[in-house]
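Colleague: I should like to understand the salt bridges of this model. May we look at the structure together and reason through them step by step?

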Amino acid sequence: MTYLGPTPAAKTVPSHGHPDQGHQDHANQDQWDDARWEHNEWRQDLAAAHTTGRHPSVSLVIPTLNEARNLPWVLRRIPDFVDQVLIVDGRSVDDTIEVARAVRPSVEIVLEPEKGKGAAIRAGFAASTGDLIVMIDGDGSMDPGEIGWYTALLSSGFDFVKGSRYLTGGTSDDLTWLRGQGNRALTGLANAACHRHFSDLCYGYVGLRRQCLPLLELSSSGFEIETELAVRASLAGLRIAEVPTHEWNRLSGNSNLRTFRDGWRVLHTLVREWSAWDSPTAGAMAESMQRIHYQELPVDISRSPSDPAELLHPAPLLRPAMGA
């Protein structure tokens with residue numbers, strides 16, 4: 001991973017053994033307890049800050065792969081309260097990075113040469129500095145104007161917030177019948193494994209508290225990162241909520257998702273997590289799923305692809321002729 005932007009402050013985080021190590025000794029259990037104690041202390045501090053009017057900082061992670069035509073709409077829809085915007089790229093062959101900088105000069109670029117959405121998400125999380133982290137796609141299918149639904153719940157005590165296309169108020173313009181049936185089946189398996197009541201497992205509009213990251217120990221490289229996030233958040237006993245969301249069709253280009261290939265990867269992830277994860281809080285009761293009041297951005301920005309050439313090489317202003 002190559003990080004192009006301000007260097008985040010170094011922070012020491014306890015190292016936790018992966019499930020494969022078995023947590024065989026008391027030292028590993030102590031590390032888990034230390035991390036959970038630190039997380040709970042931070043949760044209380046953040047809740048106190050919320051009641052006193054101090055707003056937690058927000059980082060937005062956007063993985064991209066050849067999204068030069070779609071990214072301008074996404075960047076222009078980001079609310080003003082987002083403090084840090086990270087574009088995670090490294091494999092685009094178009095002008096994605098140049099367009100991002102032209103539209104939003106303050107954007108931070110993380111170069112991640114490893115293939116896969118999961119690798120990009122993990123790189124973006126590592127470079128994030130905000131108290132709260134939200135991740136969205138860069139193809140225009142997720143509206144940044146909804147970010148406040150996630151940050152409001154995170155600021156109120158929840159640890160992990162997922163978008164759902166199936167809750168009342170949520171919908172999708174892009175979900176095919178086949179993908180919908182597969183998603184419902186995988187969601188049912190995840191609920192059985194985690195004793196949860198997710199309504200939409202395979203959707204990547206997600207928000208979480210940065211202090212929760214050490215508890216999740218993410219490792220996936222592909223689209224299954226969305227499943228790994230939800231399942232590990234459940235098994236780690238995090239407070240979880242869902243909010244309704246509207247999934248649009250991508251603005252332009254073809255999706256990188258492959259239904260059967262990525263469906264099998266999600267299923268493999270579920271089986272792996274169910275059988276191997278050894279969390280001291282596994283089986284925690286599910287939180288009620290909430291919908292909160294949030295006023296979306298009033299600015300009406302046309303949902304249409306942009307021409308990168310017009311952004312990178314704008315036409316010069318013509319001066320009026322003398323005597324005109």
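Modeller: Let us begin with a term: a residue counts as buried when its relative accessible area is under 20%. Please keep in mind that this is a predicted model.

Colleague: Is E67 buried or exposed?

Modeller: The cut-off for a buried residue is under 20% relative accessible area. E67 has a relative accessibility of 5%, and therefore counts as buried.

Colleague: Which residue forms a salt bridge with E67, and how many residues apart in sequence are the parts that the pair ties together?

Modeller: The partner of E67 is R250, with the closest N and O atoms 3.0 Å apart. E67 lies in the loop between strand 2 (58-63) and helix 2 (71-76), whereas R250 lies in the loop between strand 10 (246-247) and helix 9 (259-276), so the parts tied together are separated in sequence by 183 residues.

Colleague: Is R165 buried or exposed, and what is the distance between the closest N and O atoms in its salt bridge with D200?

Modeller: R165 has a relative accessible area of 5%, which means that R165 is buried. Its partner D200 is buried as well, at 0%. In the salt bridge between R165 and D200, the closest N and O atoms are separated by 2.8 Å.

Colleague: Which residues are joined into one network by salt bridges that share partners?

Modeller: A search of the whole structure finds 10 salt bridges. Through shared partners, salt bridges link three residues into one network: E67, D139 and R250.

Terms used
Residues are numbered from 1 along each chain as its sequence is written. This is a predicted model: local features need pLDDT of at least 70, side-chain atom pairs count only at pLDDT 80 or more; totals for chains, interfaces and linings use all residues. Side-chain values use heavy atoms; hydrogens and water are left out. A salt bridge is a side-chain nitrogen of Lys or Arg within 4 Å of a carboxyl oxygen of Asp or Glu. Helices (H or I, at least four residues) and strands (E, at least two) are DSSP runs, numbered from the N terminus. Buried means under 20% relative accessible area, exposed over 50%, partly exposed in between (1.4 Å probe, protein chains only).
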